[in-house]
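Biologist: Hello! Could you walk me through this fold, starting with the sheet and then moving on to the backbone oddities?

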Amino acid sequence: MNIKDEIHRAAEIIASAKHVTAFTGAGISVESGIPPFRGKQGIWNTVDPQILDITFFQQHPEVSWPLIKEIFFNRFRDAEPNTAHIALAALEQQGIIKAIITQNIDGLHQRAGSKHVLEFHGNSHQLVCLQCRETVCVTDKILSNVPPRCPRCNAVLKPDFVFFGESIPELAASRSYKEAKDANVFLLVGTTGLIQPASLVPMDAKSYGATIIEINTEHSSYTRSITDIFLQGRSTEIMKELHHELSMK
Ligand code: ZN
């Protein structure tokens, strides 16, 4: 089958499903100018991942913070949602997609208009105090001096996304596993399944009987294990086509 026929088949399945959940990863934001962590163009090629290691961060916030600020706040602010984010938001508005589980912390789904977004790895719009758990919205003012300090107890603030060595936010995790149980279709976009425990969510969905539709530029660990329909290509192009097909129905 050629890609057009495959997209058509995927659209048929999505249109007839009661509950469709999208599951997204770094690949969907690459075309918004946000580099992935891993791979040839990945952030970890030039930056030591220890800046996001929770123990290292606690001991050396003055080393971690300037790089964190540059990568996750300055660069993310310039990024705009792309066609794939926008198509997913439109499908939610049309009642076709019930929820988006994302491993990304760039906030681009919400900026594209998605409402029901489960941020499996937290977010980059707020900071959290490791001492008293106070949360603070990110502003230019709070980031003007790094490391930023808690307004309540003066301890160092940490971005409210998951660092290496930290666990997944409980609510996002439990809601994501509920989606895996409830979904008839899991639409994987730009995620290769290398990051645990996030990668277990689609596995769970499959074991509860969901049809797995995968959009990626290359085969991933899902392709050979759980994927039912593989749509190869850039997420912007495939999502645009898929949305177009679904809008014709
Ligand atoms: Zn505090």
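Modeller: Happy to! This is a predicted model, and its six-stranded open sheet has parallel pairing.

Biologist: Lovely. In what order do the six strands of the open sheet lie, and which are the edge strands?

Modeller: The order reads β3-β2-β1-β7-β8-β9. An edge strand pairs on one side only. That description fits residues 117–119 and residues 229–232, so the edges, with strands as DSSP runs numbered from the N terminus, are β3 and β9.

Biologist: By how many degrees are neighbouring strands of this sheet turned against each other on average?

Modeller: The figure is an average over neighbouring strands, and it ignores direction. With that in mind, the turn comes to 15°.

Biologist: Let's look at β1 and β7. How many bridges join them, and which residue stands opposite T24?

Modeller: Strand β1 covers residues 20–24 and β7 covers residues 185–189, and the two run parallel. They are joined by five bridges. Opposite T24, in β7, stands V189.

Biologist: Now the helices, please. Which strands does α1 lie across, and at what angle does it run to β9?

Modeller: Helix α1 spans residues 3–16. It lies across β1, β7, β8 (211–216) and β9. Its angle to β9 is about 130°.

Biologist: And α7: which strands does it touch, and what angle does its direction make with that of β3?

Modeller: Helix α7, residues 170–182, packs on the sheet. The strands touched are β1, β2 (97–102), β3 and β7. With the direction of β3, that of α7 makes an angle of about 125°.

Biologist: On to the oddities. Where are P147 and P197 found, and is the peptide bond leading into each cis or trans?

Modeller: Most peptide bonds are trans, so exceptions deserve a look. P147 sits in the loop between β5 (135–137) and β6 (157–161), while P197 is in the loop between β7 and α8 (200–207). Omega is near -5° from V146 to P147 and near 5° from Q196 to P197. Both bonds are cis.

Biologist: R133 has a phi near 70°. Is R133 buried or exposed?

Modeller: Most residues other than glycine have a negative phi, whereas R133 has a positive value. R133 lies in the loop between β4 (122–129) and β5. Its relative accessibility is 54%, and the cut-off is over 50%, so R133 counts as exposed.

Biologist: What about N154: where is it, and how does its accessibility class come out?

Modeller: N154 also has a positive phi, near 70°, and is found in the loop between β5 and β6. At 47% relative accessibility, N154 counts as partly exposed.

Terms used
Residues are numbered from 1 along each chain as its sequence is written. This is a predicted model: local features need pLDDT of at least 70, side-chain atom pairs count only at pLDDT 80 or more; totals for chains, interfaces and linings use all residues. Side-chain values use heavy atoms; hydrogens and water are left out. Two strands pair if DSSP finds at least two bridges between them. Helices (H or I, at least four residues) and strands (E, at least two) are DSSP runs, numbered from the N terminus. Axes are lines fitted to C-alpha atoms, for helices over the stretch in contact, and angles run from 0 to 180 degrees between N-to-C directions. Contact means heavy atoms within 4.5 Å. Buried means under 20% relative accessible area, exposed over 50%, partly exposed in between (1.4 Å probe, protein chains only).
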